[in-house]
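Here is a short report on the model shown below. It moves from one polar contact to the sheet, the cores and the charged pairs.

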Amino acid sequence: MLGAAGVAVLTRGNIGAMKSSLTDAKTSLVGAQKNLSDAKSQLKKAQEDATAATATAEEQKALTGKLKSDAEEATKKFADANTQLESKTKDYDDLKDKLAKMTNTPTGLAPDEVAEKMKEYTDKLQRAEAELAESRQVQQTLTDRMKDNDDKLHTATSEVERYRKNVARGGLSGRILAVNPGWNFVVLSVGDKQGAAVGANLIVLRGGEAIAKAKISSVEPSTSIADVVPGSLRKGLSVQPGDTVVYEGERK
């Protein structure tokens, strides 16, 4: 009987151990499934981010192409306006010379004929003066338009180059929105629209003093995630929401 009781106790112990092992196995399985689900979500997000970045880069390329076309058209119009301005300036100067000669040099014409000619030249001179002023205004407008177009083209070209090299925009700055101390990452208030890029090195500031470094690991349109660089955090401090971040490449 004692032997049977001992076997029963051992059996119950084995069953308990098996149940515990089974519970642990189920917990591990649930954890593995969650990790797999998280990995799939991260992969999907990375693919979406890549697609969005590619689309934005293509938009910038299309804009650059249009701006180049506009620049060529504006240059042609500017050249035409210069030719017209030169022609109207010459007409205006010729009329002034004719009027001056008629006023100061005998013409052999009767006084009434001289008066009629002078009135004709004066009227033509006034019209030429108005046309000259209009041509100058057109030229100035085209000059301003060409400058504005050049500025836009430079900006668009810079953006295309930034997307091609995946480089953060100069002067990038923002703040920390949230902190995950367990995984050592932070959520930032700047994203693709503000010029953030994966791999950009950042300085974390508090009160104007550097307290840590971070590196962007994921970018969305208006936010991004950055890992706090191990060993960069000042002793006795922790990164907090509200801290400022600036692009390390632009900090003096």
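## A serine inside the sheet

From the side chain of Ser 224 to the backbone oxygen of Val 190 the distance is 2.7 Å. The model is predicted. Ser 224 sits in strand S5.

Is Ser 224 buried or exposed? Its relative accessibility is 2%. The cut-off for buried is under 20%, so Ser 224 counts as buried.

What surrounds Ser 224, leaving aside neighbours within four places in sequence? The contacts are Val 186, Val 187, Leu 188, Val 190, Ala 196, Ile 216, Ser 218 and Val 219. Leu 188 has its own contact list, again without neighbours within four places in sequence. That list holds Arg 175, Ile 176, Leu 177, Leu 202, Ile 216, Ser 222, Thr 223, Ser 224, Ala 226 and Val 245.

## The barrel

Six strands close into a barrel. The order is S1-S2-S5-S4-S3-S6, with antiparallel pairing. Neighbouring strands of this sheet are turned against each other by 45° on average, direction ignored. In general, strands of a sheet pair through backbone hydrogen bonds, in either the parallel or the antiparallel sense.

Take the pairs that involve S1 and S2. S1 covers residues 173-180 and S6 covers residues 244-247. Three bridges join S1 to S6, and the two run antiparallel. Within this pair, Gly 174 has Val 245 as its bridge partner in S6.

S1 also runs antiparallel to S2, joined by four bridges. Here the bridge partner of Asn 180 in S2 is Phe 185. S2 pairs with S5 as well, antiparallel and over four bridges. Phe 185 finds its bridge partner in S5 at Asp 227.

## The S1-S2 turn

S1 and S2 form a hairpin, with four residues between them. Which residue in the turn has a positive phi? It is Asn 184, at about 60°. Most residues other than glycine have a negative phi. Asn 184 belongs to the loop between S1 and strand S2 (185-188). Its relative accessibility is 34%, so Asn 184 counts as partly exposed.

## Nonpolar cores

In soluble globular proteins, nonpolar side chains tend to be buried together. How many residues does the largest nonpolar core have here? It has 19. Those with the most contacts inside it are Ile 176, Val 186, Leu 188, Val 204, Ile 216 and Val 239. Elements giving two or more residues to this core are S2, strand S3 (201-206), strand S4 (209-219), strand S5 (224-228) and S6. S4 gives the largest share, five residues.

Another core lies apart from this one. It has eight residues, including Leu 99, Tyr 121, Leu 125 and Leu 132.

S2 has two faces. Val 186 and Leu 188 make up the covered face, while Phe 185 and Val 187 make up the uncovered one. Val 186 and Leu 188 are also among the residues with the most contacts inside the largest core.

## Salt bridges

The structure holds three salt bridges. The table gives each pair with its N to O distance.

| Pair | N to O distance |
|---|---|
| Lys 119 and Asp 123 | 3.1 Å |
| Arg 206 and Asp 243 | 2.8 Å |
| Lys 213 and Glu 248 | 3.4 Å |

Start with Lys 119 and Asp 123. Both lie in helix H2 (residues 111-165), four residues apart, about one turn of the helix. Lys 119 has 54% relative accessibility, so it counts as exposed. Asp 123, at 27%, counts as partly exposed.

Next, the pair of Asp 243 and Arg 206. Asp 243 lies in the loop between S5 and S6, and Arg 206 in strand S3, so the salt bridge ties together parts that are 37 residues apart in sequence. Asp 243 is buried, with a relative accessible area of 5%. Arg 206 is partly exposed at 30%.

Last, Glu 248 and Lys 213. This pair links distant parts of the chain, 35 residues apart. Glu 248 is in the segment after S6, and Lys 213 is in strand S4. Glu 248 is partly exposed, with a relative accessible area of 29%. Lys 213 also counts as partly exposed, at 39% relative accessibility.

Methods: Residues are numbered from 1 along each chain as its sequence is written. This is a predicted model: local features need pLDDT of at least 70, side-chain atom pairs count only at pLDDT 80 or more; totals for chains, interfaces and linings use all residues. Side-chain values use heavy atoms; hydrogens and water are left out. Two strands pair if DSSP finds at least two bridges between them. Axes are lines fitted to C-alpha atoms, for helices over the stretch in contact, and angles run from 0 to 180 degrees between N-to-C directions. Buried means under 20% relative accessible area, exposed over 50%, partly exposed in between (1.4 Å probe, protein chains only). A nonpolar core is a set of buried Ala, Val, Leu, Ile, Met, Phe, Trp, Tyr and Cys residues joined through side-chain atoms within 4.5 Å. Contact means heavy atoms within 4.5 Å. A polar contact is a pair of N or O atoms within 3.5 Å; within protein, one must be able to donate a hydrogen and the other to accept it, and residues adjacent in sequence count only if both atoms are side-chain atoms. A salt bridge is a side-chain nitrogen of Lys or Arg within 4 Å of a carboxyl oxygen of Asp or Glu.
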